[in-house]
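Look through the structure below before reading on. The text takes up a group of paired strands and then a single side chain in a helix.

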Amino acid sequence: MPELPELEVVKEVLQRRVVGQTIESVQAIGPGSAIVVRDLTHLGFAETLTGAAITSVARHGKFLLFSIQSASPLHLALNPKLTGRLQLAAPTDKRLPKTHLVFALSNGAELRYVDQRTMGQLYLTSDLAQVPEYVGLGPEPFDVSLDEFRERLKPYRGEIKGVLVRGEFIAGIGNAYADEILWAARLHPYRKRTQLTAEEIDRLYAVIQSTLREATDKVRVEMGEDIHLEPRGFMVVHMKAGESCPRCGSPISLVGANQRITNFCRTCQPGGLIKGM
Ligand SMILES: [Zn+2]
């Protein structure tokens, strides 16, 4: 699932390559397009976007937000969820499997939407308040002061990893970067927020910022213009079960399955009752 670092870099690339372009055509391919497209305007997705200009691209949390100038200003809000990806391609480039939408741009490039499991959503709307999961999103991690961070944590009493991935707490952190952040903070993912000391909370605040900034820099280098990729080879613990912790050499632990995998170092991140064990 793309999280803040990946989507921040995707946004930067789109700002360079897509903003200012006109959408010359919209091609919906197969039944998948009907699943991912949510036309909240009821004016017709392809009809409305054809001939419209893309005036800006922004990111909030795990949403990418396109401002569209059609007959009136609209938003195209992408929630890629687990498997949704955008791709920039030339019309002659072979399409990736599960390409559901192709936007032909006035500069000759194509912006494509690819989604292996058709889980993402593309909302066309005049009002972002209509977009599910967007309303109620918390602030960006870099916009939160330490005092505000402490205050925002207070209502949550559960396991700290579960708190970090809640978009209404802070937007943009998912399962993978929560593992990386907690390793950097030396905090066991299943420790309750109520068990954390003031010093640990302050440390957590600092490493959220540093981990996400450093990851964004690495993604920027590794992704380049290939915005459909999700470079994560640099991660320290996430999906590294059995490998050695770079800090202490202990094997990285794995708890959970599928999209709910948690990886951490039992030596560097002590304490906490282990779920399911
Ligand atoms: Zn370790």
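Start with one pair of residues: Ala58 stands opposite Leu65 in strand E4. The model that shows this is predicted. The two residues belong to a longer arrangement, in which strand E3 (residues 53-60) and E4 pair in the antiparallel sense over seven bridges. E3 and E4 form a hairpin with two residues between the strands. In this hairpin, Gly61 has a positive phi near 60°.

Now follow the chain onward from E4. A hairpin of three residues leads from E4 to E5. Strand E5 (residues 73-79) runs antiparallel to E4, and six bridges join the two. One point to find here is Phe66, whose bridge partner in E5 is Leu76. E4 is thus paired with E3 and also with E5.

How many of the seven residues of strand E4 are buried? Five of them are, so E4 (residues 63-69) is largely enclosed by the rest of the structure. As a background point, side chains in a regular strand alternate between the two faces of the sheet.

The second topic is Glu6, which lies in helix H1 (residues 4-17). Is Glu6 buried or exposed? Its relative accessibility is 1%. Buried means under 20%, so Glu6 counts as buried. The side chain of Glu6 makes a polar contact of 2.8 Å with the side chain of Arg232. Apart from neighbours within four places in sequence, the residues in contact with Glu6 are Met1, Tyr177, Val219, Met223, Glu230, Pro231 and Arg232. Arg232 therefore appears both in this list and in the polar contact with Glu6, whose buried state was given above.

Methods: Residues numbered from 1 in each chain as written. Predicted model: local features only at pLDDT ≥ 70, side-chain atom pairs only at ≥ 80, totals over all residues. Heavy atoms only, no water. Buried < 20%, exposed > 50% of the residue type's maximum accessible area, 1.4 Å probe, protein only. Helix = DSSP H or I, 4+ residues; strand = E, 2+ residues; numbered from the N terminus. Pairing = 2+ DSSP bridges. Polar contact = N/O pair within 3.5 Å; in protein donor to acceptor, adjacent residues only side chain to side chain. Contact = heavy atoms within 4.5 Å.
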